[in-house]
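Please open the model in your viewer and keep the sequence panel beside it. The stops below each begin with something to select.

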Amino acid sequence: MKNTFLILIGFVFSTVASSQGCSDAGICSINKGFTDEKEQFKNSLEYASIYSLGEADVQYLSHYISYTKRFNQHFAFTSKVTLSTANGSFGTRTQFGDAFLIGNYSFKEKNQKQWSTLLGLKFPFTASNLKINGYPLPLDYQSSLGTVDAFVGTNLHYKQWDFNAALQIPVVNLNKNSYFAEYSGTTDFPSTNLFERKPDALLRATYELTLPHSKFSFKPNVLFIYHLGEDSFENIFGQREIIQGSAGLTVNGNLISTYHINKQNQVELSLASPFVVSDIRPDGLTRSFVLGLQYQYSF
């Protein structure tokens, strides 16, 4: 068993060194909205800090705080707020990103199988047009995509396995980004003036490993995210232009290690990296490395 964990950890670190992209407009963390009907506490608070590397020389330090209320053994409600700092050759910009509201319904467990479903909304705090010294910034420096998105998902829990599927659909586009690559002096980022983004679909498989007589647990998981169409922007002539190669598949690997301090407190460390990326990522969500630390208090 010990060798298995060492292999898993080594595998994640090796992919971190060689990978080129990731996808998370919110859908990658949607599994946090699925709750367990056997959870004994009615409330939980989470705080997380996440360090990641993006395109060119952009580095990110992101934070979120969330609150989950379990009204009964079937229904729960989660809210979350994000804050992000992007730093690179363009400068440094910090801004609140998005607010999430997610409702979860868990069905009664039967034959060690439990289904749950969720519905949610994401609201942006910005129109994705943050600037530094008056200069427009590419989406890689924006804290939000500037869209109101809807989430719908389902999860199957079976023994140590979790399988979930979700859709993230932009329903209102508030994006006012004004970045043109032609006027930026660099080719690192594509033009995203008045950017319009297509939906995402996700499939995830997670296996939980718990060490005997230990407070540690491990959750290796793999995510398949498919971007369901080509994104577009408005070019310098005022015409809508398709961004070729922006549709397609991203496959992410993630290893989550949890230390259960006691029944009410736990700390979680996560490492994530992509295995497969699409040809071009104009949405600014490319990540070659993600390291997250999260604390949860239940009461």
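Through how many residues does a hairpin join strand 2 to strand 3? Select strand 2 (residues 59-70) together with strand 3 (residues 75-88), bearing in mind throughout that this is a predicted model, and you will find that the hairpin joins them through four residues. The two strands run antiparallel and are joined by 12 bridges, and to follow one of them you can pick Gln59, whose bridge partner in strand 3 is Asn87.

Keep strand 2 selected and add strand 1 (residues 43-53), which runs antiparallel to strand 2 and is joined to it by 11 bridges. Here too there is a hairpin, with five residues between the strands, and Ala56 in its turn has a positive phi of about 50°. On this side of strand 2, Tyr60 is the bridge partner of Ser52.

Now show the side chains of strand 2. In a regular strand, side chains alternate between the two faces of the sheet. In strand 2, the covered face carries Tyr60, Ser62, Tyr64, Ser66, Thr68 and Arg70, whereas Gln59, Leu61, His63, Ile65, Tyr67 and Lys69 make up the uncovered one. Stay with Tyr64 from the covered face and add Lys80, whose charged end sits over the Tyr64 ring, 4.8 Å from its centre. A second arrangement of this kind can be selected at Lys113, where the charged end sits over the ring of Tyr158, 5.8 Å from its centre.

Return to Tyr60, and select with it Val58, Ala86, Ile132, Leu137, Tyr141, Tyr179 and Phe189: these eight residues are the largest nonpolar core. In soluble globular proteins, nonpolar side chains tend to be buried together. Centre the view on Val58, which, leaving aside neighbours within four places in sequence, is in contact with residues including Ala86, Tyr141 and Phe189, and also with Ser52, Asn87 and Asp140. A second, separate core has six residues, among them Leu139, Phe195, Ile243 and Leu285.

Next, colour the aromatic rings. The model has 13 aromatic pairs. One of them, between Tyr105 and Phe107, is edge-to-face, with 5.0 Å from centre to centre and 80° between the planes; Tyr105 is partly exposed at a relative accessible area of 35%, and Phe107 is likewise partly exposed at 39%. Move on to Phe216 and Tyr259, whose pair is tilted, with 4.9 Å from centre to centre and 50° between the planes. Because Phe216 lies in strand 12 (residues 216-227) and Tyr259 in strand 15 (residues 248-260), this pair ties together parts that are 43 residues apart in sequence. Phe216 is partly exposed, with a relative accessible area of 38%, and Tyr259 is partly exposed as well, at 32%. Ring pairs also link Phe90, Tyr141, Tyr179 and Phe189 into a cluster, and of these Tyr141, Tyr179 and Phe189 belong to the largest nonpolar core.

For the last stop, select Phe163 in strand 9 (residues 161-173). Is Phe163 buried or exposed? Phe163 counts as partly exposed, because its relative accessibility is 37% and the partly exposed class lies between the 20% and 50% limits. Not counting residues up to four places away in sequence, Phe163 touches Thr154, Asn155, Leu156, Arg204 and Ala205. Finally, add Trp115, which is 48 residues from Phe163 along the chain, and you will find their C-alpha atoms separated by 9.6 Å.

How values were computed. Residues numbered from 1 in each chain as written. Predicted model: local features only at pLDDT ≥ 70, side-chain atom pairs only at ≥ 80, totals over all residues. Heavy atoms only, no water. Phe/Tyr/Trp six-rings, centres within 6.5 Å; stacked < 30°, edge-to-face > 60°. Buried < 20%, exposed > 50% of the residue type's maximum accessible area, 1.4 Å probe, protein only. Lys NZ or Arg CZ within 6 Å of the ring centre and 35° of its normal. Core = buried A, V, L, I, M, F, W, Y, C linked by side-chain atoms within 4.5 Å. Contact = heavy atoms within 4.5 Å. Pairing = 2+ DSSP bridges.
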